[in-house]
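Q: I am new to reading protein models. Could you take me through one, feature by feature?

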Amino acid sequence: MSKKKVADIIIETLQAAGVQRCYGIVGDTLNHITDAIRRSDIEWVHMRHEEAGAMAAGGEALITGRLTACAGTCGPGSLHFINGLFEAHRNRAPVVLIATQVATSEMGMDFPQEVDLKPIYDTCSHFCAYIHSPAQARRVTALAAQAALNKRGAAVIIVPGDISQMEVEDGLAFRPHQPQPVLRPSDAELDEIAAVINAGKRVTLYCGSGCEGAEQEIVALAEKIKAPVAHTSRAKDFIEPYNPYNMGMTGILGVESGFRALDACDTLLLLGADFAWSQFYPNEAKLIQIDSDATHLGRRHPVDIGVVGHIKDTIEALLPRLHAREEHAFLRNSLKHREATLKQIAEEEHAGSDGLIHPQYLTKLIDRYADDDAIFTADGGSPMVWLLRHITSNGKRRTLTSLVHGTMANAMPEALGIKKALPGRQVISLSGDGGISMLLGDLLTAVQENIPIKVIVYNNSSLGFVEMEQKVEGLLDAFTELKNPDFAKLAEAIGFYGRRVDDASTLEEAVRDVLSQPGPALLDVKVNRYELVMPPKVEVGQVLHTALYSAKAIIAGRGMEVEELVRTNFAD
């Protein structure tokens, strides 16, 4: 039996599991792994920060559905992946991290750069294990890949540097498996669900990311029972296109028609939705939840019926049990709200007076001039709100924002990974000025690796979403101001095409210009600092607290800020 180096076994196993790229930074305990990658068909993507590497891997994995790898050296190198791996894991993106460790003879001795990685990465992975001996290499790697692919999330292989270079006889042929079961509730459970739906007068479907692949079945269900369809933010790509019953999102980032579709129903069918904000569930309604993970049932809000099933399989089995509905007054009323909501959204997408740039107007221009199959990423904070509300999904486009982990700085590195994996697609990062500056160094990755992403910076010289949150709580905003460089000049200095716009009159031409560039390009746009992100339902307390902020600001001699907030949101 032939002998192989452990590093080669790890990379061979990952390549067989579908890995095409590995994102990371080279270093001492990783050297034999990267040498194995060099001799394989896996492409190494040289990043400038490991956090960005994990986010890039997560972006590729989420959009392609393919297992993707990242790798780092011992101690600080492996530790830097933590936030990016949390992001990938909570996005349910299949990512494997190869985290190398100091030599086994030094482990537990407080050796320089030694970090006990397992208890750290156990918190953000479905699988985390050391390779303790060379004979375990193929088995541990196969199990890591299998966990990432089937449980949808991160897996971590911890490899001491000395073990990676050892040779071992190539033993049992462990490999990952990815079965595709049919998963639906029992006949008795389906009969119970059908009875509740058939008895309901105002039924609403609320769809989450678990509805991917079941788009046609959801429309057929809505048509049969004359139900409006609302969706979570993460289901935008699957529920919004080709759906005449779509009401949009509810929740803090949602819109009025989505909120009303849930708030006014008497029966709510939760389909693959693990929506966290309990205050947006209806107070008086029967709740039925269908999810592929039984641990999700009733964990956000009490439900009357909770069952396990894939959404496509479950709807196919449920449809014959449902009565076709003729009465659709509730749906008609919901569609009227949807029409009014779309009109309101369109009214927000205008250039401001005196050259003021509303972020909604900027986003609509991006939407207008982006490719039909463009892929959009957005930083946590206000850019993700503008993407979710003003970028059109058409069945070919994809969107990715940090909705579960809620991190800053995700958009640009995720765009790097997506564009690297899909070079024929236009990939556009909607970056906040706080977000882009946090991982600014990986703009260099776009140049070095020839990744022609397009970066649009929403530059309001502040941590805008945090600033708004402070005001809504009745506080004077504090420590949110950002002293920014000219991001366009900075981008040009490192090899990007860069433009800066601070007047609405030149914005349309600039957006067209930047999106048409063949290489990496960045557009730095000075947007209204005082733009409010209005939720679909404004609570009395929010109004009172914002009024309290206004009073405090005037007393503190900051009355001009209050005037700008009112003028740019309500008078402009």
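Q: Which residues of H7 are buried?
A: First, the term. Buried means under 20% relative accessible area, exposed means over 50%, and partly exposed lies in between (1.4 Å probe, protein chains only). In H7, Ala-137, Arg-138, Val-140, Thr-141, Ala-142, Ala-144, Ala-145, Ala-147, Ala-148 and Leu-149 are buried.
A: A word on the source too. This is a predicted model: local features need pLDDT of at least 70, side-chain atom pairs count only at pLDDT 80 or more, and totals for chains, interfaces and linings use all residues. Residues are numbered from 1 along each chain as its sequence is written, and side-chain values use heavy atoms, with hydrogens and water left out.

Q: What covers the buried residues of H7?
A: Think in contacts, meaning heavy atoms within 4.5 Å. The cover includes strand S1 (3-5), helix H1 (6-16), strand S5 (95-101), strand S6 (127-130) and strand S7 (154-160). Those labels have a rule: helices (H or I, at least four residues) and strands (E, at least two) are DSSP runs, numbered from the N terminus.

Q: How far does H7 reach from its first C-alpha to its last?
A: Start with the expected span: 1.5 Å times one less than the number of residues. Helix H7 covers residues 137-151, which is 15 residues. The helix reaches 21 Å, close to the 21 Å expected. Just after H7, Arg-152 takes a positive phi of about 60°.

Q: Where do the side chains of a strand point?
A: In a regular strand they alternate between the two faces of the sheet. Take strand S18, residues 454-459. Lys-454, Ile-456 and Tyr-458 point one way, while Val-455, Val-457 and Asn-459 point the other way. Is S18 mostly covered or mostly exposed? Mostly covered: 6 of its 6 residues are buried.

Q: Which strands pair with S18?
A: Two strands pair if DSSP finds at least two bridges between them. Strand S17 (residues 427-432) pairs with S18 in the parallel sense over 5 bridges. Here Leu-430 stands opposite Ile-456. Strand S20 (residues 521-526) also pairs with S18 in the parallel sense, over 6 bridges. In S20, Leu-522 is the bridge partner of Val-455.

Q: What does Ile-428 touch?
A: Ile-428 is found in strand S17. Its relative accessible area is 0%, so it counts as buried. Leaving out residues up to four places away in sequence, Ile-428 touches Ile-366, Ala-370, Ile-375, Phe-376, Thr-377, Lys-454, Ile-456 and Leu-515. Ile-428 and Ile-456 are 28 residues apart along the chain, yet their C-alpha atoms are separated by 7.4 Å.

Q: Which residues touch the most other members of the largest nonpolar core?
A: A nonpolar core is a set of buried Ala, Val, Leu, Ile, Met, Phe, Trp, Tyr and Cys residues joined through side-chain atoms within 4.5 Å. The largest has 48 residues, and Tyr-121 and Val-455 touch the most other members. Its largest share, 8 residues, comes from helix H3 (residues 50-64). Apart from this core lies another, of 34 residues, among them Ile-33, Ile-37, Leu-67 and Ala-69.

Q: How many helices and strands are there in the protein?
A: There are 24 helices and 20 strands. Of the 572 residues, 55% count as buried. The C-alpha trace spans about 75 × 65 × 45 Å along its principal axes. Among contacts with a separation of 6 or more, 73% come from residues 24 or more positions apart.
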